[in-house]
Amino acid sequence: MNQNYMIIDGMPVALEGNERNLIEVIRKSGIEMPTFCYHSDLSIYGACRMCMVEDERGRLMASCSTLPYPGMNIKTNSERLRKYRRNILELLLSEHCSDCTTCSNNGTCHLQSLAIKFNITTLRFESTKTPEELKIDDSSPCIVKDPSKCILCGDCVRECNEIQHVGAIDFAFRGSKCTIATSFNEPLIDSPCVGCGQCVAACPTGALVVRDNRQTVWEKLDDKNTYVTCQIAPAVRVAIGRALGVPEGENSMGKIIAALHRMGFDEVYDTCTGADLTVIEESNELIERIEKNDKLPLFTSCCPAWVQFVEKKYPEYLPNVSTCKSPMSMFSKLIKTYQKENSVLDGKQSYHVAIMPCTAKKFEAQRDELKTDGVPDTDIVITTQELIKMIRESGILFDMLHAESVDMPFGTMSGAGVIFGVTGGVTEAVLRKIADDNSRTTMNALAYVGVRGMEGVKEASVMKGDREVKIAVVSGLANADRLLQKLSKGEVSYDIVEVMACPGGCISGAGQPYLSRVDRMERGKSLYEADRSMAVKRSQDNPLIRELYNGILKNREHEILHVEYKK
């Protein structure tokens, strides 16, 4: 048989010649193969064996690590394979805790869904794990590690090592004692972990989860002596919908604000206002460094996981990191300063919540550098996933809400602040600020200089007067690691480098609901669509920003908007 097709369960399926493995052909034919360890963005691991298929000779092979060829004839669904998969699931479940109803991943756990699919109702095997091996690591403010739920699929290890180049976790010990651990089994908080949470996004069982701070927020909302405000990051508005009955990627900002008001928040703001401040300050810092030819390239400082990555792995580049606080931290400090100086609180205690797509923001909020008199400027951070759970707890029918607007006095923002949530957005916003020509044509043209798109590394350049400004936009810490190595060797040079730890930017944050590559594109498009609908495109044209610089920020820009990270 020399035709360019193969047989899957008796049906011919065409081969295009670019398939990386058999599982891609099987899924293309309309069959969903069960897997734990296979991810298209990660290296082939072949550990879970759930994706085994049977050829015409009765041989079993893992479809994730087998190349297809013309004339191949396989079965994906036979009594032998079903029994094989059930046995694997029983063995995995025997080593997995059974607290499904109280697990944060209940309803979204991949192991749970496959156990239901294969009708696993009883367990024949007993766990061999000791209490010491099952000890929970909750040392990190971002991530909780529960070994009792780990099935050793290796997804988190490959994510941490291949996609992020952090190397905080790996396999330890052998045989039945094998586990996922940090070096010397030290707590996560003392490891190289930067809190990006991409391991959490990859974990199929809840062995790694985002720390849940919902209860603390509920307590503050119920306290009549506490004035609770919040801010919502740009990427949250395009990720929350599908879980609450709204199409994926739809801009749900108005509904989110309405839900938060109903839940009891006194004031609701948009982090895009903080992003506008970041644009102004970071643009000024870039121009100053270019004029002095000092500490170039300027690295953006919006992403807290990236800042930690530099601190832990490349401290020699800390002087190159912008002194600007992130939009979240700028805005939190501004809000509390305004409340204090304008008698807003009426004797109540101020409590500010940031709703973020990012797990590392939980760490950022606790940094000593971002506290005033020992009190965090951002009291607590909850993720998009936590917000979804709070809305459900409230009984709010999200899809039936009428959109509401953010509260005053921080009620206006520009399109430049909105696009901060997608890779390249910070750079484009800065270019809008420093562009010599501020016409609408020029603003629109900046979208085509090369900073947009989901590629991990993008390069661009623009002219500022007679000076060429060289730009790099990076998402994913592995890409940042490779770029820093090139910079160290003198192989490349830039004036500004934007880095986001999560591939695609904040839209892919580990605090967001799970997304595929297609969803990533849709979320990014939605943010750019929101930008196009904004009347104000540039941060400096936002009338609120001008008012702030002439008022509360006058002669206090450095105090309120800047921070210096040290080794």
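How many of the 10 residues of helix α9 are buried? In this helix, which spans residues 304-313, the count is 7, so α9 is mostly covered (buried being under 20% relative accessible area, exposed over 50% and partly exposed in between, with a 1.4 Å probe and protein chains only). The model is a predicted one, in which local features need pLDDT of at least 70 and side-chain atom pairs count only at pLDDT 80 or more, while totals for chains, interfaces and linings use all residues. Residues are numbered from 1 along each chain as its sequence is written, and side-chain values use heavy atoms, with hydrogens and water left out.

The buried residues of α9 are Pro304, Ala305, Trp306, Val307, Gln308, Phe309 and Val310. Their cover includes β12 (298-299), α11 (360-366), α16 and β19 (496-500), where helices (H or I, at least four residues) and strands (E, at least two) are DSSP runs numbered from the N terminus. Helix α16 (residues 477-489) is home to Gln485, which is partly exposed at 36% relative accessibility. The C-alpha atom of Gln485 lies 9.7 Å from that of Tyr314, although 171 residues separate the two along the chain.

Two helix pairs come next. Helix α8 (residues 272-292) packs on helix α18 (residues 543-550) at about 65 degrees, with the axes 10 Å apart; axes are lines fitted to C-alpha atoms, for helices over the stretch in contact, and angles run from 0 to 180 degrees between N-to-C directions. That angle makes α8 roughly perpendicular to α18 (under 35 degrees is roughly parallel, over 145 roughly antiparallel, 65 to 115 roughly perpendicular and the rest oblique). Contact, meaning heavy atoms within 4.5 Å, is made by Thr273, Asp276, Leu277, Ile280 and Glu281 of α8 with Leu544, Ile545, Leu548 and Tyr549 of α18.

Helix α7 (residues 253-263) and helix α12 (residues 384-394) pack at about 55 degrees, with axes 11 Å apart, and are therefore oblique to each other. Here α7 contributes Ile256, Ala259, Leu260 and Met263, and α12 contributes Leu387, Met390, Ile391 and Ser394.

Asp276 of α8 also meets the loop between α12 and α13 (415-418), where Ser414 is placed. Ser414 is buried, with a relative accessible area of 0%. Its side chain makes a polar contact with the side chain of Asp276 at 2.5 Å (a pair of N or O atoms within 3.5 Å; within protein, one must be able to donate a hydrogen and the other to accept it, and residues adjacent in sequence count only if both atoms are side-chain atoms).
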